[in-house]
Amino acid sequence: MERPPKYTADNLTTIQSFILQEARRHPNASGEFSWLLSAIALAGKVIAAKIRRVHLDPVLDIGGDNVHGEQQKPMDLVANEIIIRCLGDRTDLGLLGSEEETEPVQLRSAEEGGKYSVLFDPLDGSANLGLGVGVGTIFSILRHEQALDAEAPHLQIGRKQVAAGYILYGPSTVLVLSTGRGVHMFSLDPAVGAFVLVRPDLMIPSGGKTYSLNEANADSFGPGWRDWLSGCRRTGWRSRYIGSMVADVHRTLLEGGVFAYPPTARHTEGKLRLMYEANPMAFLIEQAGGRGDTGEGPILDIKPTHVHQRVPVILGDQVGVDQLLKTLRR
Ligand code: AHM
Ligand code: MG
């Protein structure tokens with residue numbers, strides 16, 4: 001895979017300059033795609049600022065009572081509105097789909113200049129928001145191919161994503177991005193108000209021995225899954241599960257191992273959503289040299305049928321995922 005060689009963690013490279021440098025590599029780039037990415041980075045900064053005030057601002061609902069009698073808004077909806085406001089005036093945006101919206105919003109047809117579809121989960125893991133645990137925004141960008149299907153130009157396989165990433169609101173605010181040329185991690189420097197490149201060309205370490213899944217569901221996993229889990233326990237793997245996909249996948253990307261959400265009795269198709277959870281994360285993991293699968297094939301090859309479709313998810317380093325898939329196929 002061709003890598004941009006010029007970045008090192010010693011450069012002071014903001015996400016804006018990174019995106020512009022990337023755009024320069026494409027002589028015909030109009031700059032519109034860069035505008036989209038910078039809108040997402042801006043939304044990340046605004047959401048991060050709100051999240052820092054979640055216990056202080058009485059209009060933000062994190063599940064408790066508002067003693068001030070003011071109308072509260074769940075942070076998921078606030079994050080959704082922030083992203084829509086940041087992206088809304090980008091004239092190259094054709095379609096916007098969100099976990100918080102029943103149907104995607106068609107803004108412009110390809111003929112009217114809508115070049116991209118953006119699908120996102122505005123605040124994944126928001127149930128953890130009041131608990132001091134990392135939560136995140138996940139996004140996926142596809143080319144808005146109107147000719148594909150006028151009603152649903154976004155229903156494309158994940159391999160066609162032109163960019164994907166997440167923003168993790170944790171001890172620091174971290175943005176992880178791929179435009180199909182490796183995976184790059186930026187950290188928000190609150191002193192200067194900019195996302196700064198801290199880990200260019202992230203590669204997932206191979207052979208990590210951490211599994212990350214909701215073990216409370218183990219009784220309803222299929223037999224292959226249970227065999228694999230027993231094997232991990234026997235061979236000294238450790239278990240880490242936050243219950244916030246962005247935080248769990250972030251750790252998996254940095255340390256290797258396997259993150260999974262298998263089919264369960266409650267979620268027979270899996271719990272996680274293909275278009276704005278599984279696809280963008282699988283894109284990042286594959287770009288970092290890892291593997292994303294459902295147990296029956298690569299996540300990125302699934303032809304979606306619905307924007308909110310759920311799929312089983314396996315993400316991790318090659319060795320760990322291969323081992324799991326072998327056990328499932330026995
Ligand atoms: P959400 O999009 O409603 O926040 O749900 C998705 C979250 C993921 O962040 C996480 O991986 C999963 O749900 C945790 O589910 P569970 O509590 O069943 O383990
Ligand atoms: Mg979610």
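## Close-up views of a predicted model

**View 1. The surroundings of ligand 1.** Around ligand 1 there are 14 residues, and the closest are Asp 124, Gly 125, Tyr 241, Met 245 and Tyr 261. The model you are looking at is predicted. Which side chains place a polar atom 2.6 Å from an oxygen atom of ligand 1? Asp 124 is one of them, with a polar side-chain atom at 2.6 Å from an oxygen of the ligand. Tyr 261 also has a polar side-chain atom 2.6 Å from an oxygen atom of ligand 1. Look for Asn 214 as well: an N or O atom in its side chain is 2.8 Å from an oxygen atom of the ligand.

**View 2. The magnesium ion and its protein donors.** Ligand 2 is a magnesium ion, and its protein donors are Glu 99 (OE), Asp 121 (OD), Asp 124 (OD) and Glu 277 (OE). These donors lie 1.9 to 2.7 Å from the ion. If you follow the chain, the spacing of the donor residues reads E-x21-D-x2-D-x152-E. Glu 99 sits in the loop between β3 (93-98) and β4 (105-106), while Asp 121 belongs to strand β5 (residues 116-124), so this pair ties together parts that are 22 residues apart in sequence. Are these two residues buried or exposed? Glu 99 is partly exposed, with a relative accessible area of 27%. Asp 121 is buried, and its relative accessible area is 1%. You have met Asp 124 before: this magnesium donor is also listed among the closest residues to ligand 1.

**View 3. The largest cavity.** How many cavities of 30 Å³ or more does the structure hold? There are two, and the largest contains about 60 Å³ of space. Its lining is made by Ile 40, Ala 43, Gly 44, Ile 47, Ile 83, Leu 87, Val 118, Phe 120, Thr 137, Phe 139, Ile 167 and Tyr 169. Two or more of the lining residues come from each of α2 (32-52), α3 (75-87), β5, β6 (135-143) and β7 (163-169). Helix α2 gives the most, with four residues. Sorted by class, the lining has 10 nonpolar residues, two polar residues and no charged ones.

**View 4. The second largest cavity.** This cavity has a volume of about 30 Å³. Ile 15, Leu 37, Ile 40, Ala 41, Phe 139, Leu 175 and Leu 177 form its lining. The elements that give two or more residues here are α2 and β8 (173-178). Which element gives the most? That is α2, with three residues. By class, the lining counts seven nonpolar residues, with no polar and no charged ones. Ile 40 and Phe 139 may look familiar, for they line this cavity and also appear in the lining of the largest cavity.

**View 5. Helix α5 and the glycine that follows.** Why can helix α5 (residues 245-255) be called largely enclosed by the rest of the structure? The reason is that nine of its 11 residues are buried. They are Met 245, Val 246, Ala 247, Asp 248, Val 249, His 250, Arg 251, Thr 252 and Leu 253. Met 245, buried in this helix, is also one of the closest residues to ligand 1. After α5 comes Gly 256, which has a positive phi, near 80°.

**View 6. Gln 156, a buried loop residue.** Gln 156 has its place in the loop between β6 and β7. With a relative accessibility of 2%, Gln 156 counts as buried. What does its side chain reach at 2.7 Å? The partner is the backbone oxygen of Arg 143.

**View 7. Glu 112, an exposed loop residue.** You can find Glu 112 in the loop between β4 and β5. Its relative accessible area is 56%, and Glu 112 is exposed. A polar atom of the Glu 112 side chain lies 2.9 Å from the backbone nitrogen of Ser 109. Along the chain, Glu 112 and Leu 93 are 19 residues apart, and 10.0 Å separates their C-alpha atoms.

**View 8. Asp 201 and its backbone angle.** Asp 201 is not a glycine, although its phi is positive, at about 55°. Where is Asp 201 found? Look in the loop between β10 (194-199) and β11 (210-212). Asp 201 is partly exposed, with a relative accessible area of 24%.

Key:
Residues are numbered from 1 along each chain as its sequence is written. Chains are lettered from A and ligands numbered from 1 in the order in which they are written. This is a predicted model: local features need pLDDT of at least 70, side-chain atom pairs count only at pLDDT 80 or more; totals for chains, interfaces and linings use all residues. Side-chain values use heavy atoms; hydrogens and water are left out. Donors are N, O and S atoms within 2.8 Å of the metal (3.2 Å for Na, K and Ca); water is not among the atoms, so sites may look incomplete. Buried means under 20% relative accessible area, exposed over 50%, partly exposed in between (1.4 Å probe, protein chains only). On a 1 Å grid over the protein atoms alone, a cavity is a set of points where a 1.4 Å probe fits but cannot get out, and a pocket is an open set with protein on both sides within 12 Å along at least five of seven lines; lining residues have an atom within 4 Å of a point. Grid points are joined across faces, edges and corners, and a volume is the space filled by probe spheres set on the points. Ala, Val, Leu, Ile, Met, Phe, Trp, Tyr, Cys and Pro count as nonpolar, Asp, Glu, Lys and Arg as charged, and the others, Gly among them, as polar. A residue is near a molecule or strand if one of its heavy atoms lies within 4 Å of it. A polar contact is a pair of N or O atoms within 3.5 Å; within protein, one must be able to donate a hydrogen and the other to accept it, and residues adjacent in sequence count only if both atoms are side-chain atoms.
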